[in-house]
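The following account leads the reader through a single protein chain. It begins with an internal cavity and then turns to the helices, loops and side-chain pairs.

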Amino acid sequence: MKKFAPFVLAAAVVLTSAAVTASAAGLSADQPAAGQPAPSFNLPSQDGTPVSLDSMKGKWVVLYFYPKDMSRGCTVEAHKFQDDLPKYDAANAVILGVSVDTVDSHKQFCTKDSLTFHLLADPDHKMVESYGSFGLKLPQRDDIIPVAQRNTFLIDPQGKIVKVWTNVDVSHHSEDVLAALAEAKK
C-alpha cells in the first residue's frame with residue numbers, strides 16, 4: 001500500500017485543482033444545464049419595460065450575464081453583440097444582457113455606447129442566482145464580489161437551454177454564440 005501513497009496523493013491534488021479551477025471559472029452546481037428548461041424571468045430593461053422569457057417564445061434567446069455596466073470587458077462584449085446584431089436578427093434570435101446594475105445604469109450604458117438590444121436590471125440578483133451566475137470569488141480572498149458572472153445561455157424558441165458558456169472570453173464570444181446558434185438550427 002505504501003507504494004501507492006504517492007499516486008493517491010497526486011490524484012487528490014489533481015482533483016482539488018480541478019475543483020478550484022471549476023470554481024474560479026464560475027461553474028456552479030446550481031447552474032441550469034443544456035437540455036433543461038430555462039428558468040423564467042420578468043425584469044425591467046433599460047427603458048423600464050418589463051421583459052420576460054415567455055415574451056420571447058418562438059425566438060432564440062442569447063441570455064448573457066455580465067459583471068458591470070461601462071466596465072472595460074463588459075463594454076467590449078456588448079459592442080461585439082451590437083456589431084453582430086443583424087446576424088442575430090437574421091437568425092430569429094434576440095440578445096438579452098443581464099447584470100445586477102439598475103435600470104438607470106443600463107440606460108446610461110446604452111446611451112453612452114449606442115446599444116440597442118435589451119439590458120435587464122436585476123439589482124436583487126434573483127434571476128442571476130436562478131441561472132447560477134451570481135458572485136465572483138477572487139483568488140486568495142474569502143469575500144465574494146456581488147456581481148454577475150460572465151456566463152451565457154443559448155435558449156431555443158421553446159424555452160429549453162441548448163448551450164451554456166461559462167467564464168467567456170469577450171473578444172470572440174459573439175462569434176462563438178453565432179456558430180453554436182447556426183449548429184443548433186440544423
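**The cavity and its surroundings**

Leu53, Met56, Lys57, Lys59, Val61, Ile155, Asp156, Pro157 and Gly159 line the largest cavity. The model in which this cavity appears is a predicted one. Of the lining residues, five are nonpolar, one is polar and three are charged. The volume of the largest cavity is about 30 Å³, and a search of the whole structure returns one cavity of 30 Å³ or more.

**The chain as a whole**

The chain contains six helices and nine strands. Of its 186 residues, 44% are buried. Among the contacts with a separation of 6 or more, 67% join residues that lie 24 or more positions apart.

**Helix α2 and its neighbours**

One element that can be followed in detail is helix α2. It comprises twelve residues and spans 17 Å from its first C-alpha to its last, close to the 16 Å expected at 1.5 Å a residue. Its buried residues are Gly73, Cys74, Thr75, Glu77, Ala78, Phe81 and Gln82. Against which elements do the buried residues of α2 pack? Their partners are the strands β3, β4 and β8 (152-155), together with the helices α3 (85-90), α4 and α6 (173-184).

The contact with α4 can be examined through Phe109, a residue of that helix. Phe109 is buried, its relative accessible area being 0%. Apart from neighbours within four places in sequence, Phe109 is in contact with Cys74, Thr75 and Ala78, as well as with Tyr66, Asp69, Met70, Leu115 and Leu119. Cys74, Thr75 and Ala78 also belong to the buried residues of α2. For Phe109 and Ala78, the separation is 31 residues in sequence and 9.8 Å in space, taken from C-alpha to C-alpha.

A second approach to α2 is by way of Arg150, which is placed in the loop between β7 (144-148) and β8. Is Arg150 buried or exposed? Its relative accessible area is 16%, and Arg150 is therefore buried, the cut-off being under 20%. When residues up to four places away in sequence are not counted, Arg150 touches Gly73, Cys74 and Glu77, which are buried residues of α2. The contacts of Arg150 also include Phe65, Tyr66 and Pro67, and further along the chain Trp165, Thr166, Asn167, Val168 and Val170. Tyr66 and Cys74 thus appear among the contacts of Arg150 and among those of Phe109.

**Salt bridges**

Five salt bridges are present in the structure. One of them joins Asp101 and Lys68, whose closest N and O atoms are 3.0 Å apart. Asp101 lies in the loop between β4 (93-99) and α4 (103-113), and Lys68 in the loop between β3 (60-65) and α2 (72-83), so this pair ties together parts that are 33 residues apart in sequence. With a relative accessible area of 8%, Asp101 is buried, whereas Lys68 counts as partly exposed at 42%.

Another salt bridge is formed by the side chains of Lys87 and Asp84, with an N to O distance of 3.7 Å. Asp84 is buried, with a relative accessible area of 12%, while Lys87 is exposed, with a value of 51%. The side chains of Lys186 and Glu183 likewise meet in a salt bridge, at 3.3 Å from N to O. Lys186 counts as exposed, with a relative accessibility of 78%.

**Backbone angles in two loops**

Which residue in the loop between α3 and β4 deserves attention for its backbone? The residue is Asn92, which lies in that loop. Phi of Asn92 is near 60 degrees, a positive value in a residue other than glycine. Asn92 counts as partly exposed, at 30% relative accessibility.

His125 provides a further case, with phi near 50 degrees, again a positive value in a residue other than glycine. His125 is located in the loop between β5 (118-121) and α5 (126-130). The relative accessible area of His125 is 23%, and this residue is partly exposed.

Definitions and conventions: Residues are numbered from 1 along each chain as its sequence is written. This is a predicted model: local features need pLDDT of at least 70, side-chain atom pairs count only at pLDDT 80 or more; totals for chains, interfaces and linings use all residues. Side-chain values use heavy atoms; hydrogens and water are left out. A salt bridge is a side-chain nitrogen of Lys or Arg within 4 Å of a carboxyl oxygen of Asp or Glu. Helices (H or I, at least four residues) and strands (E, at least two) are DSSP runs, numbered from the N terminus. Buried means under 20% relative accessible area, exposed over 50%, partly exposed in between (1.4 Å probe, protein chains only). On a 1 Å grid over the protein atoms alone, a cavity is a set of points where a 1.4 Å probe fits but cannot get out, and a pocket is an open set with protein on both sides within 12 Å along at least five of seven lines; lining residues have an atom within 4 Å of a point. Grid points are joined across faces, edges and corners, and a volume is the space filled by probe spheres set on the points. Ala, Val, Leu, Ile, Met, Phe, Trp, Tyr, Cys and Pro count as nonpolar, Asp, Glu, Lys and Arg as charged, and the others, Gly among them, as polar. The expected span of a helix is 1.5 Å times one less than its number of residues. Contact means heavy atoms within 4.5 Å.
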